[in-house]
Amino acid sequence: MRNIRWGILGTGAIARRFVRGLRSLPKAEVFAVGSRSEASAAKFGDEHNIPRRHASYEDLASDPGVDVIYIATPHPLHAENATLCLQAGKAVLCEKPFCVNAAEAERVVELAREKRLFIMEGMWTRFFPLMKEVRRLVSESALGEVRMLNVDFGFRADLDPASRLFDQKLGGGALLDVGVYCVSFASMVLGRPSGFVGLPHLGETGVDEQASIILEHEGGRLANLSIGIRTTTPQEATIMGTEGYVRIHAPWWRPTSMTISRPGTEDETIETPVSGNGFDYEAAEVMRCLKAGKTESDVMPLDETVSVMMTMDSIRAAWGLRYPGEEVAS
Ligand SMILES: NC(=O)c1ccc[n+]([C@@H]2O[C@H](COP(=O)([O-])OP(=O)(O)OC[C@H]3O[C@@H](n4cnc5c(N)ncnc54)[C@H](OP(=O)(O)O)[C@@H]3O)[C@@H](O)[C@H]2O)c1
């Protein structure tokens, strides 16, 4: 089986880390990079030893040597970039959040399906070995019936109105940046919510700097989410069931362990080793799918990506938070 040739679209912070992750996969070839500027493409190419450098995303998308393109631009560019790549016949791995809203996401998914091309949201946390164990625990009812979740993701960023975290034009705010991990985690464990309540704090640039959200699921099951880009949180996920609970330590950063507690018994720790820098797991899934001729991943299905976007649309609509140029946030 020949190597899979990757193209990298965008030369920012996460693209660097993703490329390092690819280097730990023997069958992955980092073949090309595309940037809005020739200088950035050349610099990134030199730093990461990438043979082909393109001074536009269009040139990258039409490079016949590239099999799959990893999109690492700010969220509001994802739909446009993914459309460009799909129109050029390329498979796509698109950073989270997949798009800014569900309407964009649906259009991209429809195009991929029409063209029978692979596309997946880069929700890298789903692919860590420990998350596989989490899904096993839940499916085997090891905690009894799951009734509640506590999930948080917050970190303190310096307030920089021009940065993608705070600029509305770049899709700033906690929900799209870190909340998406929590909503996606809740979706993985409990499915699509039937309702929610949420309270944000909108900062001086108008984006949600922190928020508390409770998602309501069938049968009164609840997911309690705490998110922030100005607040340091423990970054943990706890799944609580009728027979016990499991605490997943550092779920968003290559987690290696979780602790199960059941009344009247000793705590049990489950450990899983991790390889590479963690980005190799989602990339390996893409490559497995491409080799198998699949157009979507069973671990991060497209309908679920769209469903998560719908949940986030509803939450933002209730907050009155709409991004510039956004058609609908229903
Ligand atoms: N999976 C994870 O752990 C993780 C972590 C962080 C971020 N992310 C996601 O990755 C995406 C990129 O985040 P990042 O932190 O890497 O962002 P970043 O450092 O700001 O880089 C974004 C890159 O996108 C390109 N770009 C295109 N249009 C742009 C514009 N109008 N303004 C700024 N940059 C533009 C630029 O590359 P060129 O100049 O080369 O075109 C830039 O270097 C986001 O959607 C974010 O949610 C994921």
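**The ligand site and its surroundings**

Among the elements around the ligand, helix H4 makes the greatest contribution to the shell, supplying 3 residues. The structure described here is a predicted model, and the ligand makes a convenient starting point for a tour of it. In this model the ligand occupies the largest pocket. Two or more shell residues come from each of helix H1 (13–22), helix H4 (75–87) and helix H7 (174–190).

The shell comprises 23 residues, of which Thr 11, Ser 35, Tyr 57, His 75 and Lys 96 are the closest to the ligand. By residue class, the shell is made up of 11 nonpolar, 7 polar and 5 charged residues. Several polar contacts can be described atom by atom. At Arg 36, a polar backbone atom is 2.9 Å from an oxygen atom of the ligand. Side chains take part as well: Trp 124 places a polar side-chain atom 3.1 Å from a ligand oxygen, and a polar side-chain atom of Arg 164 is likewise found 3.1 Å from an oxygen atom of the ligand. How much of the ligand does the protein bury? Of the 890 Å² that the ligand exposes when taken alone, 81% is buried by the protein.

Lys 96, already met as one of the closest residues to the ligand, deserves a second look. This residue forms a salt bridge with Asp 177, with 3.6 Å between the closest N and O atoms. The partners lie 81 residues apart and connect distant parts of the chain, Lys 96 being in the loop between strand E5 (91–95) and helix H5 (102–115) and Asp 177 in helix H7. Across the whole structure, 21 salt bridges are found.

The backbone at Lys 96 also merits attention. Its peptide bond to Pro 97 is cis, with an omega near -15 degrees, and Pro 97 is placed in the loop between E5 and H5. A further backbone feature appears at Asn 49, in the loop between helix H2 (38–48) and strand E3 (52–54). Although Asn 49 is not a glycine, its phi is positive, at about 55 degrees. As general background for these two features, most peptide bonds are trans, and most residues other than glycine have a negative phi.

Terms used: Residues are numbered from 1 along each chain as its sequence is written. This is a predicted model: local features need pLDDT of at least 70, side-chain atom pairs count only at pLDDT 80 or more; totals for chains, interfaces and linings use all residues. Side-chain values use heavy atoms; hydrogens and water are left out. A residue is near a molecule or strand if one of its heavy atoms lies within 4 Å of it. A polar contact is a pair of N or O atoms within 3.5 Å; within protein, one must be able to donate a hydrogen and the other to accept it, and residues adjacent in sequence count only if both atoms are side-chain atoms. Accessible areas come from the Shrake-Rupley method with a 1.4 Å probe; for residues, only the protein chains shown count as cover. On a 1 Å grid over the protein atoms alone, a cavity is a set of points where a 1.4 Å probe fits but cannot get out, and a pocket is an open set with protein on both sides within 12 Å along at least five of seven lines; lining residues have an atom within 4 Å of a point. A molecule sits in a cavity or pocket if more than half of its atoms lie within 2 Å of its grid points. Helices (H or I, at least four residues) and strands (E, at least two) are DSSP runs, numbered from the N terminus. Ala, Val, Leu, Ile, Met, Phe, Trp, Tyr, Cys and Pro count as nonpolar, Asp, Glu, Lys and Arg as charged, and the others, Gly among them, as polar. A salt bridge is a side-chain nitrogen of Lys or Arg within 4 Å of a carboxyl oxygen of Asp or Glu.
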